[in-house]
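Here is a short report on a structure. It covers helices, strands and cysteines in turn.

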Amino acid sequence: MKHINLKIEKAITLRDAMCKLDHTAMQVLFVMDNDTLIGTLTDGDIRRYLLKGGSLDDSVDTATNYQPKTAENLKQARKMIQHGDYPAIPVVGKEGQLEDVVFRQRHKHVYTELHIPVVIMAGGRGTRLEPYTRVLPKPLIPVGEFPIMEHIMWQFEKYSCNSFHIIVNYKKQLLKAYFNEDSQTHSMIWYDEDSPLGTGGGLSLLKGQIQETFFFTNCDILLRADYADMLQFHRENGNTITMIGAYKNLTIPYGVIDIQEGGEVAAMREKPELSFLTNTGIYIVEPEVLEDIPEHTALGFPDIIEGQRQKGRKVAVYPVDEDAWMDMGQMTELEKMRKQLYGE
């Protein structure tokens, strides 16, 4: 079967399945029991399972869709793919064997128009990117032919999020000069910090300026995910703040030893792989949060999040795959981001 690389066994971990989804870029995997198709798995299936408290260390069978749409022949599969919203329709034989797959044709992606404002925190010194940031503010560090902040804005503009509120401080005149406050290329409103206010304190400058849900992002992060789905998740769950989190996998390059009393070996693990959910620095925020931020006070956004939780307001996480998140906050990541955006 020509799509054998899309077959997986139900006993493998969800982490391995996510890697396979990323590698194949076909949006769906086929869960097999020997030669029999027993279900399908998409990134949406995995995300829904994780949001219920599941772990990437759990086996595939915990998140599998055991009632997938299937066809008996290619003609039926092509008809189903034309009239339904499916990434693929498997053709299954009488004995349950996977005989073929019909995939939805890849048309140009249609982006949902969201029309909500975007706040970009662009005032930091970017010390991790020195010596570059001794000359340029971090938002103007180029990735390929254009500065990172422009890549960020283009990504939001795909979803018709065209109103940008930019909080600036360090080398702000260079940043403004590049974008030109009179330019019609982007719709931008500038907010000047008189002194550094941290990753969240600068939001106090926006009080009375935004009365609707907004995206809030750092200026060194690019996210390739479905912004419309993130916003839908935020609204359907009644969140005050939704953090976008990325799963990171880290392999410890040593054997790890657990000991018990007396130094006796309790367990040994050779080069274990750890998974954890990382804060990407991108959020969806309700406007009432702005009213709770004290003015002229340096404050980290994690502190603002904790304050909202203490008020009893709902804060949740929308998880994405680590490959959807590009962070240029470190020198080692700059070239990786350039390759993802422009290719080799």
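## Strand β9 and its neighbours

Two strands pair if DSSP finds at least two bridges between them. The model discussed here is predicted.

Strand β6 covers residues 118–122. It runs parallel to β9, and 5 bridges join the two. Val 119 has its bridge partner in β9, namely His 165. On to strand β10, residues 187–192: 6 bridges join it to β9, again in parallel. Here His 165 stands opposite Ile 189 of β10. His 165 therefore has Val 119 as a bridge partner and Ile 189 as the residue opposite in β10. Strands of a sheet pair through backbone hydrogen bonds, either parallel or antiparallel.

Why is strand β9 described as largely enclosed by the rest of the structure? The strand spans residues 163–168, and 5 of its 6 residues are buried, so the rest of the structure largely encloses it.

## Helix α4 and its crossing with α5

Helix α4 runs over residues 148–157. It is mostly covered, with 8 of its 10 residues buried. The buried residues are Ile 148, Met 149, Glu 150, His 151, Ile 152, Met 153, Gln 155 and Phe 156.

Helix α5 takes in residues 172–179. The axes of α4 and α5 come within 12 Å and cross at roughly 55 degrees. That angle makes α4 oblique to α5. The crossing is right-handed. On the α4 side, Met 149, Glu 150 and Met 153 make the contact. On the α5 side, Leu 175, Tyr 178 and Phe 179 do so.

## Met 153

Met 153 belongs to helix α4. Is Met 153 buried or exposed? Its relative accessible area is 0%, so Met 153 is buried.

Which residues does Met 153 touch, not counting those up to four places away in sequence? They are Ile 120, Phe 164, Phe 179, His 186 and Met 188. Phe 179 also appears in the contact between α4 and α5. Val 118 sits 35 residues from Met 153 along the chain, and their C-alpha atoms are separated by 8.7 Å.

## Cysteines

How many disulfides does a search of the whole structure find? It finds 0.

Consider Cys 161. The closest cysteine sulfur to its own is in Cys 219, 18 Å away, which is too far for a bond. A disulfide needs the two sulfur atoms within 2.5 Å. Seen from Cys 219, the closest cysteine sulfur is that of Cys 161, at 18 Å. Both residues are buried. Cys 161 has a relative accessible area of 0%, and Cys 219 counts as buried at 3% relative accessibility.

## The β1-β2-β3 sheet

An open sheet of 3 strands has the order β1-β2-β3, with mixed pairing. Its edge strands are β1 (7–9) and β3 (36–41), each pairing on one side only. From one strand to the next, the twist averages 40 degrees.

Strand β2 covers residues 29–33. It runs antiparallel to β3, and 5 bridges join the two. One of the pairings puts Val 31 with its bridge partner Gly 39 in β3.

## Leu 98

Leu 98 lies in strand β5, residues 98–103. Leu 98 counts as buried because its relative accessibility is 7%, against a cut-off of under 20%. The C-alpha atoms of Leu 98 and Ile 38 are separated by 9.6 Å, with the two residues 60 apart along the chain.

Key
Residues are numbered from 1 along each chain as its sequence is written. This is a predicted model: local features need pLDDT of at least 70, side-chain atom pairs count only at pLDDT 80 or more; totals for chains, interfaces and linings use all residues. Side-chain values use heavy atoms; hydrogens and water are left out. Helices (H or I, at least four residues) and strands (E, at least two) are DSSP runs, numbered from the N terminus. Buried means under 20% relative accessible area, exposed over 50%, partly exposed in between (1.4 Å probe, protein chains only). Contact means heavy atoms within 4.5 Å. Axes are lines fitted to C-alpha atoms, for helices over the stretch in contact, and angles run from 0 to 180 degrees between N-to-C directions. Angles under 35 degrees count as roughly parallel, over 145 as roughly antiparallel, 65 to 115 as roughly perpendicular and the rest as oblique. A crossing is left-handed if the near helix is turned anticlockwise from the far one by less than a right angle, and right-handed if clockwise.
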